[in-house]
Amino acid sequence: MSTAAPPVTPKPTPTRKPSPIEQLIEDRVEEARRALWWSELTRSVLKLVIGSMAALLVWLIVDHWIYSPGTAVRFVCFSVAAGTVVWYIARRVWPVMKADVTSEYAAWALEQDHPEYRQQLTSYVTLKTQPAQGGIRARVVRAIGSRAASLLKSHDQLPDEATGTFSWWIVAAALFAVLAGYCVLSPKSSLASAKRLAAPLAAIDPAKRVRITDVTPGDAEALAGRDVAVSAEVDGLRDEEPVICRWTSEGKSLSL
């Protein structure tokens, strides 16, 4: 009579704890990797924001002072602007959001700022990801890692590529200041012009410098010989510009 032996459960291979040198390199490369990803995403978004603000400023100036487009031209401008934004997000922003910066590239970016690295960090990261081998190869990898770790201790900065978005922030802030200043100082309504672009099929009149509102008595009838009080609120006139009221009586045009 024979009995089956119980199945033998293999013992899990213990995970080797990384040495302080390995942990230092891993932490610094991971930090650089995250910073590079965020900087690239920030640059892509800032380029979109800067381009949008520049296009809006050009539209406001054209619509205010050069040419007030009709419905067809506004629809074409809106379609081109919306299509450009969608294309840029699909081709520039979305791929960055899905992509990932490799450890090898992060190590290379760290080395670009300090020639004394002599590609030791890149060599270590590349060799470390290959299948483990013993002997002289393992000792060489440890020696390279030790020298790279000592350099990382003396250069505790992120790669310049990961911190090179400052100029883009300056451009965005300056352009925003120009756009905001124009909207505040322009005698014509920038909001109305923006609405004309955002809703090209809507019946929105071009922005005007002078606005006449609250006209009274409006469409009314009066007996001949009686005085009729006419009033209105007029905004946007310069100090030297008078308000003139014109009316027609018995085929004659009169003004006051």
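1. A pair inside one helix makes a good starting point: R28 and E31 sit three residues apart in helix α1 (residues 20–66), a separation of about one helical turn. Helices here are DSSP runs of H or I with at least four residues, strands are runs of E with at least two, and both are numbered from the N terminus. The side chains of R28 and E31 form a salt bridge, N to O, at 3.8 Å. The term stands for a side-chain nitrogen of Lys or Arg within 4 Å of a carboxyl oxygen of Asp or Glu. R28 is buried at 8% relative accessible area, while E31, at 35%, is partly exposed. Those words follow fixed cut-offs: buried is under 20% relative accessible area, exposed is over 50%, and partly exposed is in between, with a 1.4 Å probe and protein chains only.

2. A word on the basis of these remarks. This is a predicted model, in which local features need pLDDT of at least 70 and side-chain atom pairs count only at pLDDT 80 or more, whereas totals for chains, interfaces and linings use all residues. Residues are numbered from 1 along each chain as its sequence is written, and side-chain values use heavy atoms, with hydrogens and water left out.

3. Side chains of opposite charge can pair when their charged atoms come close. The model has six salt bridges under the rule given above. One of them joins R34 to E30, with 3.6 Å from N to O. Both residues belong to helix α1, where four residues, about one turn, separate them. R34 is partly exposed at 47% relative accessibility, and E30 is partly exposed as well, at 28%.

4. What does D100 pair with? Its salt-bridge partner is R33, and the closest N and O atoms are 2.7 Å apart. D100 is in the loop between α2 (71–98) and α3 (103–112) and R33 is in helix α1, so this pair ties together parts that are 67 residues apart in sequence. D100 is exposed at 57% relative accessibility, but R33 is buried at 15%. Through shared partners, salt bridges link E30, R33, R34 and D100 into one network.

5. Please also look at K188, which lies in the loop between α6 (166–185) and α7 (190–198). K188 is buried without a salt bridge, and the nearest side chain of opposite charge, D63, is 8.0 Å away. For charge, Lys and Arg count as positive and Asp and Glu as negative, with His and the chain ends not counted. What does the side chain of K188 reach at 2.5 Å? That partner is the backbone oxygen of H64.

6. E111 deserves a glance too. This residue lies in helix α3 and is buried, with 7% relative accessible area. A polar atom of the E111 side chain is 2.9 Å from the backbone nitrogen of L121.

7. Now to empty space. Rolling a probe the size of a water molecule over the atoms shows where such space is left. On a 1 Å grid over the protein atoms alone, a cavity is a set of points where a 1.4 Å probe fits but cannot get out; a pocket is an open set with protein on both sides within 12 Å along at least five of seven lines; and lining residues have an atom within 4 Å of a point. Grid points are joined across faces, edges and corners, and a volume is the space filled by probe spheres set on the points.

8. The second largest pocket holds about 420 Å³. Its lining has 15 residues, with G51, S52, A55, A81 and V85 nearest the centre. Helices α1 and α2 each contribute at least two lining residues, and α2 gives the most, with eight. By class, that lining has twelve nonpolar, three polar and no charged residues. Here Ala, Val, Leu, Ile, Met, Phe, Trp, Tyr, Cys and Pro count as nonpolar, Asp, Glu, Lys and Arg as charged, and the others, Gly among them, as polar.

9. How many cavities of 30 Å³ or more are there? The count is one. The largest cavity has about 40 Å³ of space. R28 from the opening point is one of its lining residues, which also include L110, D113, H114 and Y117. The lining of the largest cavity divides into four nonpolar, three polar and two charged residues.

10. Lastly, a long-range neighbour pair: L175 is in helix α6 and is buried at 17% relative accessible area. L175 and I50 are 125 residues apart in sequence, yet their C-alpha atoms are 7.2 Å apart in space.

Terms used: Polar contact = N/O pair within 3.5 Å; in protein donor to acceptor, adjacent residues only side chain to side chain.
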